[in-house]
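I set out to record what I looked up in one structure, entry by entry. The topics are helix packing and charged pairs.

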Amino acid sequence: MVTTEVFENLKSLQEILVQKYELEGKKSDAPKQLSNQEDLLAKTQKEFIEQKSNYDATQEKVTQLKAQLEEAVKSREEGEKGVANSTTHREYEALEKQITEAKLLEEQVRKDLQHEEKDLAELNERLKNSEELIKFQESELNSSRDSLNKELTSYDEKLAKLKVEEDKVTKNINMIYSAEENAELKAQEILFKFQRIIQRNSEGIVSVRNGVCSGCHMILPANFANEVREGEDINFCPYCSRILYYEEVSEDQQEDYFDMGVAGSLAGLDEDFEDEDSEEREDEDEEIKSEFDDEDEIDDEDSEDAEDEDDEDSDDEDDDNEDEE
């Protein structure tokens, strides 16, 4: 026999489970923030590695350009010294050509070197910024880990307390059903369904007022609502699956409980049907009237034809009389 005590225990269990699932959700979501920070740090470290690779490649180019510049300067200087000591015209022209080519190469290498050194300086600045950012993110990540560990510890402590309260309530429910057949199995089934409902809706036990489930606001079948009112067994709403218990409602609350907008819409439907019926009746009347009018017209035509025939017959008789005379 389901009593008020069972429903009170279920209501207490509902409060416990709502807190429990909320804490479990927070516990599950808490590491996500940490995971985001770890991903951000990994991204920054990856960018730093790419920047370092570009920096090393650019530095290698700078080294090569400096070597080329040194060779070009050396070639130009040797040519200039050779011109002063040249003895033949051919030797002079060769040295002049060497000097010209060395100057052109020196000028080009200096431009390239200036460009690469500028890039190298920018890459170096980026590397410094990335190193500072990595240090900051690592510090934030370590701080978040410490905070997360404390937070998870707090959640675990609260969940442990709730588990004690949950076990106490479930034990009470098992004791209530202990006198019935298959008591343990029945209690476990009810508790399992109740927990699943709380996970979905955060409200597993609701009242029935005026034959309506207060959870989903659906009108229950009359026989089923009476079973809930009798309270001889646990009943689940056929629409939202919540556990139901009967709640008395005063007369003034009964009037306000139903949605008057729905009633108004139904009343409107009745008016629409009345309008449609009146329109149909008017159409039928018009059809009947038109049929009578058509019959009257036919009768009039027939009467006119009959009169014409009578006139013709009378004319024929007059002619016959005249001939006899």
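The entries below concern a predicted model.

**Entry 1. Helix α4**

I began with helix α4, which spans residues 222-230. Which of its residues are buried? I found Phe224, Ala225 and Val228 to be buried. They cover an arc of only 100° around the axis, and therefore lie on the same side of α4. On the other side of the helix, I noted Ala222, Asn223 and Glu230 as exposed.

I then asked what the buried residues of α4 pack against. The partners are β1 (205-209), β3 (235-236) and β4 (243-246). Just after α4, I recorded a positive phi of about 65° at Gly231.

**Entry 2. Salt bridges between separate elements**

I searched the whole structure for salt bridges and obtained 15. As background, I noted that side chains of opposite charge can pair when their charged atoms come close.

I looked up Arg229 of helix α4 next. Its side chain meets that of Glu248 in a salt bridge, at 3.5 Å from N to O. Because Arg229 lies in α4 and Glu248 in the loop between β4 and α5, the pair ties together parts that are 19 residues apart in sequence. Glu248 counts as exposed, since its relative accessibility is 56% and the cut-off for exposed is over 50%.

A further salt bridge joins Arg209 and Glu247, whose closest N and O atoms are 3.7 Å apart. This pair links distant parts of the chain: Arg209 belongs to strand β1, Glu247 to the loop between β4 and α5 (251-257), and 38 residues separate them. I entered Arg209 as partly exposed, with a relative accessible area of 28%. Glu247 is likewise partly exposed, at 30% relative accessibility.

**Entry 3. Helix α2**

I turned to helix α2 (residues 89-176), in which Leu105 lies. Is Leu105 buried, exposed or partly exposed? I found it partly exposed, with a relative accessible area of 44%. I also checked its separation from Val73: the two are 32 residues apart in sequence, and their C-alpha atoms are 8.9 Å apart in space.

Within α2, Glu107 forms a salt bridge with Lys111, and the closest N and O atoms are 4.0 Å apart. Both residues lie in this helix, four residues apart, which is about one turn. Glu107 is partly exposed at 43% relative accessibility, and Lys111 is partly exposed with a relative accessible area of 49%.

**Entry 4. A network**

Finally, I asked which residues are linked in a network of salt bridges. I recorded Arg76, Glu80, Glu106 and Arg110 as linked in this way.

Key. Residues numbered from 1 in each chain as written. Predicted model: local features only at pLDDT ≥ 70, side-chain atom pairs only at ≥ 80, totals over all residues. Heavy atoms only, no water. Helix = DSSP H or I, 4+ residues; strand = E, 2+ residues; numbered from the N terminus. Buried < 20%, exposed > 50% of the residue type's maximum accessible area, 1.4 Å probe, protein only. Arc of directions from axis to C-beta. Contact = heavy atoms within 4.5 Å.
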